[in-house]
Amino acid sequence: MSPWKTFFNFLTLLLLIVIGLASAMFVYQWSNPVEVNASENLPASSASNQTAKKASLTRFNPPSVTVYQEIMDRPLFREGRVPPAEPEKEVSKPVARQIPLKLRLEGVVITPKNRVAVIRDLNTNRLLRVAQGMSQNDWKLESVDHSTATVVRRGKKHNLELKVDKVKKGGLPKKGLPFRPSNR
């Protein structure tokens, strides 16, 4: 047996031949380019062939110079270049929907120097400590008394009252608790 037969088998030779033919075809197409239209391969009517020929023969018509007039008047890279003035638009005032004032007086602190109301904003559930005369959001705390506070919002006065839960003393103890004087 010859040494090249042991070194190369039949599949190796077949692969080398296919690679050689493919590279020869590549070199041939590279040196002789041919444009193939997809419309030529498919049988079509004569009208569609004519429109395809017209489409391929249509010349490019560049836009006129007047289209580029703004670019010529205002070059891009020049000192002091400003954007063109935008046309003024009619601005209508947005209708501001007023959120109702939902406040609850939680507590009052009165000292010789200051009066403070503890108010809960029910819209956001925040607890606010507001001194007399202070403004918060769009309202102002006008006055603070022992059980009331007056809030002014856009000229309207709202009176907030302190609601105190009265606890009964001396009643029976709660169920399940042992009887002691502290459970009364």
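Colleague: Which residues make the nonpolar surface patch?

Modeller: A patch is built from residues with over 30% relative accessible area and no salt bridge; like charges are joined within 9 Å, and nonpolar side chains (Val, Leu, Ile, Met, Phe, Trp, Tyr) within 5 Å. Here V65, V67, Y68, I71 and M72 make a nonpolar patch of about 510 Å². The accessible areas come from the Shrake-Rupley method with a 1.4 Å probe, and for residues only the protein chains shown count as cover. Bear in mind that this is a predicted model, in which local features need pLDDT of at least 70 and side-chain atom pairs count only at pLDDT 80 or more, while totals for chains, interfaces and linings use all residues. Residues are numbered from 1 along each chain as its sequence is written, and side-chain values use heavy atoms, with hydrogens and water left out.

Colleague: Take M72 from that patch. Where is M72 placed, and is M72 buried or exposed?

Modeller: Buried means under 20% relative accessible area, exposed means over 50%, and partly exposed is in between, with a 1.4 Å probe and protein chains only. M72 has 53% relative accessibility, so M72 counts as exposed. M72 lies in helix α5, residues 69–73.

Colleague: How many of the helices and strands are there in the protein?

Modeller: Helices (H or I, at least four residues) and strands (E, at least two) are DSSP runs, numbered from the N terminus. The protein has 5 helices and 7 strands. Along the sequence the pattern reads α-α-α-α-α-β-β-β-β-β-β-β.

Colleague: And the protein as a whole: what share counts as buried, and how much area is exposed?

Modeller: Of the 184 residues, 11% count as buried. The protein exposes about 17300 Å², and carbon and sulfur atoms supply 59% of that area. For contacts, the criterion is heavy atoms within 4.5 Å. Among contacts between residues at least 6 apart in sequence, 23% join residues at least 24 apart.

Colleague: On to the sheets. What is the strand order in the sheet of 3 strands?

Modeller: Two strands pair if DSSP finds at least two bridges between them. The 3 strands form an open sheet in the order β1-β2-β3, with antiparallel pairing. The edge strands, β1 (103–110) and β3 (126–131), each pair on one side only. Neighbouring strands of this sheet are turned by 20° against each other on average, direction ignored. Axes here are lines fitted to C-alpha atoms, for helices over the stretch in contact, and angles run from 0 to 180 degrees between N-to-C directions.

Colleague: How many bridges join β1 to β2?

Modeller: The antiparallel strands β1 and β2 are joined by 7 bridges, and they form a hairpin with 4 residues between them. L103 has D121 in β2 as its bridge partner. D121 also has a bridge partner in β3, namely R126. Strand β2 (residues 115–121) pairs with β3 over 6 bridges, again in the antiparallel sense.

Colleague: Which strands stand at the edges of the other sheet?

Modeller: That open sheet has 4 strands in the order β4-β5-β6-β7, with antiparallel pairing. β4 (135–136) and β7 (156–161) stand at its edges; each has a single partner strand, so one side of each is left without a neighbour in the sheet. Between β6 (residues 148–153) and β7 there are 6 bridges in the antiparallel sense. One of the bridge pairs is R153 with K156 in β7.

Colleague: How many salt bridges does a search of the whole structure find?

Modeller: A salt bridge is a side-chain nitrogen of Lys or Arg within 4 Å of a carboxyl oxygen of Asp or Glu. The search finds 5. R104, E106 and R120 are linked in a network of them. Between E106 and R104 the closest N and O atoms are 2.8 Å apart. Both residues are partly exposed: E106 at 33% relative accessibility, R104 at 41%.

Colleague: Where do D138 and R154 lie along the chain?

Modeller: The side chains of D138 and R154 meet in a salt bridge at 3.7 Å, N to O. This pair links distant parts of the chain, 16 residues apart: D138 is in the loop between β4 and β5 (139–144), and R154 is in the loop between β6 and β7. D138 is partly exposed at 33%, whereas R154 is exposed at 59%.

Colleague: With which residue does E142 form a salt bridge?

Modeller: The partner is K157, with the closest N and O atoms 3.3 Å apart. E142 sits in strand β5 and K157 in strand β7, 15 residues apart, and this pair too links distant parts of the chain. E142 has 37% relative accessibility and counts as partly exposed, while K157, at 57%, is exposed.
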